[in-house]
Amino acid sequence: MPVIFPSAFASPASRAANDPAASVPAALREKVRRLERANSVQRSGRAVAVPLGVPAIDALLPEGGLLTGALHEIEAGPAPSGRVASHDGAALGFAAHLLGRFGPGTILWCRRPTGTFDAAPYAPALSAWFDPARLLMVTASRDEDLFWAMEEGLRCPGIAAVLGETRATDPTAGRRLSLAAEKNGVPALLLRAQPAPPQSVCATRWRIVSAPSASTPGLRDVGTARWRLELRRNRFGTPSAAETPSWLVEWNDETHCLAVVPQTLHGSSGTLFEERLVG
Amino acid sequence: MRLADARALLPDLVTIAGEPQADCRLVEAIAGWCDRYTPWVAIDPLGGALAAEGETTCSAGGFGGDAGLLLDVTGCTHLFGEGESGERALLADLVARLTRRDLSCRAAMADTAGAAWALARFAERQADLFCPARGQRSAIASLPVEGLRLEAPILETFLKLGLRRIGDLYPMPRAPLVRRFGNQPLERVDQALGRLDEPIEPRRVPPAFRTRLAFAEPIGRSEDIAAATSRLLAALCRQFEQAGVGARLLEIALYRVDGSVDRTSIGTSRPNRDNPKLMKLFEEKLGELDPGFGVELMILAAPEVEAWSGTQDALPDQDSPTVASGTDGTIDLADRLALRLGAENVVRLLSRDSHLPERVQVAAAISSKPAAAGAWRRVANLKGARPTRLLQRPEPVEVTAFVPDDPPSVFRWRRHAHRIVRADGPERIADEWWRPRPDGSRPPASTLPPVRDYYRVEDDDGGRFWLFRDGPYKLAANGQPTARWFLHGFCA
C-alpha cells in the first residue's frame with residue numbers, strides 16, 4: 001500500500017511556508033515595501049528603479065537601482081586632505097550620469113546663480129551623459145522659488161527627472177519634494193556644492209569626492225575622471241558590511257559607463273594601489 | 001500776471017501750485033475709465049495738460065482744465081438705446097458718472113471729432129452740446145473761430161480781420177484763404193464738417209479679441225473674480241476657435257467702483273486656446289489684482305494672437321522620437337515657471353558653432369525654435385575634454401611654472417594654492433577673426449588673432465580644473481611675462 005505524505009496534497013504556497021529555508025519576515029517585509037510604493041509605480045508606469053550600471057553598487061540599492069519615485073541627494077565632499085572641496089565638478093558629473101540613466105523626456109534643472117562668480121553647468125560636457133537639448137534650465141533668485149519650480153516639475157508628466165542645485169536645507173521642502181516624487185514616480189535630485197546636515201527624507205544620499213586619476217604610464221597627463229563615491233544613506237536598501245560603503249569609480253568617457261576601480265591594500269600604510277582596470 | 005503782482009493787488013489770495021504731472025495722471029486715469037464706453041479712446045493732443053511746459057500750445061492751450069478726451073463711440077451707442085436716443089443716453093450717462101465723482105466736465109457729441117471738440121468748448125447753451133446726425137454745419141457756424149483748433153498767429157490775424165465766427169469762413173473763397181493762411185484753416189473746417197477724414201489714434205489699440213462681463217453688484221472676493229475670469233476665458237476661447245487662432249498674450253482688466261482700473265497680463269510661449277491651461281496661468285496672477293472697494297466690470301482681451309498650429313511641440317528628444325508631442329505638458333510647465341520667475345529665467349540651451357568655449361552654449365527662450373537633433377552631439381564630438389562647470393567670468397590665478405612654456409606647477413586661486421600633479425595641454429583656441437569685436441570694429445586682417453592656451457590640470461587633492469594662458473608666453477621689456485593665467489572651469 002502506497003504511503004501518501006500529507007505534504008503532497010498541500011498547495012505550493014503552503015509548501016513554501018512549511019519550508020524552513022524560506023524566511024517569512026523577509027518576504028513579508030518585501031510585500032509591505034511593494035505595497036508602500038505600489039501607488040507611485042502603477043500611476044507612472046515607469047520603471048521602479050534604474051540601475052547605476054555598477055553591479056557592486058546596485059546590489060546594495062533597493063530594486064537593484066535608484067528608486068525613480070524618490071528624492072536623492074548628491075553632495076560634494078571635502079577633499080582627502082581635509083580641505084573644503086574647491087568645486088563640485090565631480091558631483092555634477094555623477095548627477096549628470098544619474099540623469100542620463102533615467103528615462104526619456106525633459107530634464108528640469110533648477111539653480112540659483114551666485115552672481116559674478118557663478119559657474120553654470122556646461123552643456124558640451126553634459127552631452128557625454130545626455131543630450132543637452134533635453135534640458136530645461138530654470139534660474140530662481142530665492143530658495144522658495146527653486147523648491148516650488150522643482151515641485152511643479154515633478155508633477156509634470158513630460159519631465160524625466162528634476163535636479164535642484166541649492167545649499168538650502170529646508171526639511172519641509174525636502175518632505176514635499178519627496179512626496180511629490182513618490183506620487184508621480186519622477187526622480188528628484190538635490191545637488192549640493194557642500195555637505196549639508198543629514199536631516200532630509202531622501203532615499204539615498206551620496207557624497208562625491210574627486211579622486212586622483214591614473215596617468216598613462218610614464219606621462220603626467222590627466223586620466224579619465226575618478227570619483228570616490230560614498231553611499232551615506234540608503235533608506236530602503238540592503239545594509240552593507242561597512243558603515244558607509246564607499247567605492248572608487250572611474251567614468252569612462254569612451255564607453256560611457258561607470259566602473260569600480262579594483263584596488264588592493266598595498267603595505268601597512270594602506271595606500272591605494274590601482275591595478276589594471278577590469279570591467 | 002506774475003504771482004508777486006497778484007499778491008500785491010490781493011494780499012489774501014489763495015494759491016495752489018500747479019501739478020502738470022498729476023493732471024496728466026488724472027487724464028490718463030479718466031481715459032482708462034472711458035474704456036467702459038468704447039475701446040477707441042484718445043487723449044486730445046491739443047489738450048493743455050499734456051502739452052510740455054514751455055511748448056507753444058494751440059488756441060485752447062493751457063494746463064489742467066483744458067485737457068480733453070476724444071471717444072469714438074461709433075457702434076457703441078446701441079447699448080444705451082436705439083438711434084439718437086441711445087447717443088443722448090450715452091452722453092448723459094458719461095456726464096452723470098463723471099459729475100458724481102466731482103469732476104466738472106463738458107461733453108459734446110457730433111459726427112466729427114472737430115465739431116465735437118468745438119461744441120464741447122464753446123457751445124453756449126446746454127441743448128447745443130448734442131449735435132444731431134449731419135447737423136454739424138449749422139451747429140458750429142455760430143461758434144467762435146477758436147473752436148477750429150488753429151495756431152495762435154493765424155487766430156490773431158482772423159480776429160483782426162473780423163472773422164469771429166466759424167460760419168464767417170463758409171462763404172469765403174477757398175483759394176485766397178489757402179494762399180494767405182496755408183492749408184490749416186480750411187483743413188480744420190473740412191474736418192469739422194466731415195468732408196475730410198480725421199482718424200483718432202486710440203490710447204491703447206483695442207484688441208480684436210475681447211470679452212466683457214459687467215456685474216449688477218460690485219464683486220470683491222477673489223473666488224468671485226476667479227469664477228468671472230473663468231467665464232470670460234471660456235467665451236474668449238470660443239472666439240479663438242472660430243477664428244482659428246491662439247493667444248500669445250492675455251490681459252485682464254478690473255474696472256473698480258472708484259473709477260480706477262487694475263490690469264494684469266499673462267504670456268504663453270505658444271499660441272494657446274486651452275481653457276484649463278490658461279486658467280491655471282491666470283490663477284498665478286489673480287492674487288496680484290486688487291479689487292479695491294469692488295469690481296463692477298471685467299474685460300478680458302487678447303492683444304497678441306497667432307495662428308493656431310493645432311499641436312504644441314515638446315522639447316526635442318532624440319532618444320525617443322515617438323514621445324507624443326504636446327501631451328507631455330512640458331511647454332505648459334515652462335509657461336507656468338516663466339510666469340512666476342520671469343521669461344528670461346526659464347530657458348533651454350542651444351549650441352552655437354564657435355571655437356570660444358563661452359560662446360558655444362546659448363540660453364534661448366522656450367518659444368524659440370528648438371535645437372536641431374544631434375546638434376549637441378556634433379559640437380561635443382568636435383571638442384576635447386570640457387569642464388562640467390564653466391565660470392561665467394574667467395578668474396585670474398597666479399601661477400608658478402618651472403619652465404616658462406610648461407603647464408604650471410602651482411596655481412593660486414581664491415587664496416588657495418593648488419599643487420598640480422597632472423596636466424593635459426595646451427589646447428590652443430584662437431579668437432574668431434571673422435566676428436566683429438564687442439565694440440563693433442573688425443580686427444585688422446594682418447594681425448594675428450589673440451589666442452588662449454587651455455590646460456586641463458589635476459591638483460594633489462584630485463580636483464580637476466580648466467586653466468588657460470591668455471596668449472603665448474612672451475617677455476615684456478621689463479623682463480616680466482606678459483601672459484596672464486585664468487581659471488575658466490571645473491572638470492568632472
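# Exercises on a predicted two-chain model

In β12(A), Val260(A) is the bridge partner of Val249(A). This is a predicted model: local features need pLDDT of at least 70, side-chain atom pairs count only at pLDDT 80 or more, and totals for chains, interfaces and linings use all residues. Residues are numbered from 1 along each chain as its sequence is written, while chains are lettered from A and ligands numbered from 1 in the order in which they are written.

**Exercise 1. Place the pair Val249(A) and Val260(A) in its sheet.**

Step 1. Fix the terms. Strands (E, at least two residues) and helices (H or I, at least four) are DSSP runs, numbered from the N terminus. Two strands pair if DSSP finds at least two bridges between them.

Step 2. Find the two strands. Strand β11 (residues 246-252) of chain A pairs with β12(A) in the antiparallel sense, over four bridges.

Step 3. Widen the view. Eleven strands form an open sheet with mixed pairing. The order is β12(A)-β11(A)-β10(A)-β9(A)-β3(A)-β8(A)-β7(A)-β4(A)-β6(A)-β7(B)-β8(B).

Step 4. Look at the edges. β12 (257-260) of chain A and β8 (361-365) of chain B each have a single partner strand, so one side of each is left without a neighbour in the sheet.

Step 5. Add the turn. Neighbouring strands of this sheet are turned by 30 degrees against each other on average, direction ignored. For such angles, axes are lines fitted to C-alpha atoms, for helices over the stretch in contact, and angles run from 0 to 180 degrees between N-to-C directions.

**Exercise 2. Describe how helices α4 and α6 of chain A pack on that sheet.**

Step 1. Define contact. Two residues are in contact if their C-beta atoms, placed from the backbone, lie within 7 Å.

Step 2. Take α4 (residues 89-101) of chain A. This helix touches eight strands of chain A by name: β3 (71-76), β4 (106-111), β7 (159-165), β8 (188-192), β9 (204-211), β10 (226-234), β11 and β12. Its direction makes about 130 degrees with that of β9(A).

Step 3. Take α6 (residues 143-155) of chain A. It touches β4, β6 (135-139), β7 and β8 of chain A. Its direction makes about 170 degrees with that of β7(A).

**Exercise 3. Which elements of chain A touch chain B?**

Step 1. Count the contacts. 53 residues of chain A are in contact with 57 residues of chain B.

Step 2. List the elements. Those giving two or more residues to this side of chain A are α4, β5 (119-121), α5 (123-126), β6, α6 and β9. The largest share, five residues, comes from β6(A).

Step 3. Sort by class. The side of chain A that touches chain B has 30 nonpolar, 15 polar and eight charged residues. Here Ala, Val, Leu, Ile, Met, Phe, Trp, Tyr, Cys and Pro count as nonpolar, Asp, Glu, Lys and Arg as charged, and the others, Gly among them, as polar.

Step 4. Check a strand pair across the chains. β5(A) pairs antiparallel with strand β9 (residues 389-400) of chain B over three bridges. Pro121(A) has Arg389(B) as its bridge partner.

**Exercise 4. In what order do the strands of the four-stranded sheet of chain B stand?**

Step 1. Give the order. The open sheet runs β3-β6-β4-β5 (chain B), with antiparallel pairing.

Step 2. Name the edges. β3 (209-219) and β5 of chain B each have a single partner strand, so one side of each is left without a neighbour in the sheet.

Step 3. Walk through the pairs. Seven bridges join β3(B) to β6(B), and Phe209(B) is partnered there by Ala302(B). Strand β4 (residues 245-256) pairs with strand β6 (residues 295-307) of chain B over ten bridges. In that pair, Val245(B) stands opposite Ala307(B). Eight bridges join β4(B) to strand β5 (residues 261-272) of chain B, where Tyr255(B) stands opposite Val261(B).

Step 4. Inspect the hairpin. Four residues lie between β4(B) and β5(B), and Gly259(B) takes a positive phi near 90 degrees.

**Exercise 5. Is helix α6 of chain B largely buried or in the open?**

Step 1. Define burial. A residue is buried if 20 or more other C-beta atoms lie within 10 Å of its own, exposed if 12 or fewer, and partly exposed in between; C-beta atoms are placed from the backbone.

Step 2. Apply the count. One of the ten residues of α6 (residues 152-161) of chain B is buried, so this helix lies largely in the open.

Step 3. See what follows. Gly162(B) comes after α6(B), with a positive phi near 85 degrees.
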